[in-house]
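Hello,

Here is the structure I promised to pass on to you. Please have a look at it first, and then read my notes below.

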Amino acid sequence: MCGTDMRSFRKEDVVGKTVIETSGAVKGKVKDVVFDLGGGVTFLVQGADGKESQVGLSKVTGISEHVVVRGEPAGAPSTGPWASCRFCGSQMPAEERWCPSCGRSQT
Ligand SMILES: [Zn+2]
């Protein structure tokens with residue numbers, strides 16, 4: 001599946017996958033996908049402590065062997081330094097451990 005760009009996905013593609021923030025923090029596993037009539041899609045994520053949280057699709061930056069989501073903004077957006085992904089070459093903040101585009105680990 002090298003280089004596959006998952007711009008579309010099926011529920012089966014994401015349920016059970018680990019959800020990782022681009023900072024490297026593991027949020028949990030996708031338990032279900034929630035659709036609303038307004039067209040919104042939300043991933044229902046169960047954390048290691050059993051608590052459920054919802055992650056809007058707009059925060060999902062990539063789906064590969066993991067579901068990669070943008071972390072909560074920690075103050076000001078990153079102004080660099082920037083690095084390019086080892087796999088797909090997209091530009092990303094150097095402190096990110098997971099590529100926002102292809103979702104692969106940079107470590
Ligand atoms: Zn990449």
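How many helices and strands does the secondary structure of the protein chain come to? There is one helix, and there are eight strands. Please keep in mind that this is a predicted model. If you follow the protein chain along its sequence, the pattern reads α-β-β-β-β-β-β-β-β.

A good place to start is strand β1, which covers residues 18–21. On one side of the story is β2, residues 26–35: three bridges join β1 to β2, and the two run antiparallel. You can find this pairing by looking for Thr18, which stands opposite Lys29 in β2. The two strands form a hairpin, with four residues between them. In that turn, Gly24 has a positive phi of about 105 degrees.

β1 also pairs with β6, residues 67–69. Three bridges join these strands too, but here they run parallel. To locate this pairing, look for Glu21, whose bridge partner in β6 is Val69.

From β6 you can move on to β5, residues 60–63. β5 and β6 run antiparallel and are joined by three bridges, and a hairpin of three residues leads from β5 to β6. Val69 comes up again here, as Val60 stands opposite Val69.

Next, the nonpolar core. The largest one has 15 residues, and those with the most contacts inside it are Val19, Phe43, Val55, Val60, Val67 and Val69. At least two residues of this core come from each of β1, β3 (41–46), β5 and β6. Which strand gives the most to this core? That is β6, with three residues.

Val19 is worth a click of its own. Leaving aside residues up to four places away in sequence, Val19 touches Lys27, Gly28, Lys29, Val30, Phe43, Val45, Val55, Val67 and Val69. Four of the names in that list, Phe43, Val55, Val67 and Val69, appear along with Val19 among the core residues with the most contacts.

Two figures cover the chain as a whole. Of the 107 residues in the protein chain, 20% are buried. Among contacts with a separation of 6 or more, 35% are between residues 24 or more positions apart.

If you would like a short route through the model, begin at the hairpin of β1 and β2, cross to β6 through its parallel pairing with β1, and finish at β5 through its antiparallel pairing with β6.

Happy exploring, and best wishes

How values were computed:
Residues numbered from 1 in each chain as written. Predicted model: local features only at pLDDT ≥ 70, side-chain atom pairs only at ≥ 80, totals over all residues. Pairing = 2+ DSSP bridges. Buried ≥ 20, exposed ≤ 12 C-beta atoms within 10 Å, placed from the backbone. Contact = placed C-beta atoms within 7 Å. Core = buried A, V, L, I, M, F, W, Y, C linked by C-beta atoms within 7 Å.
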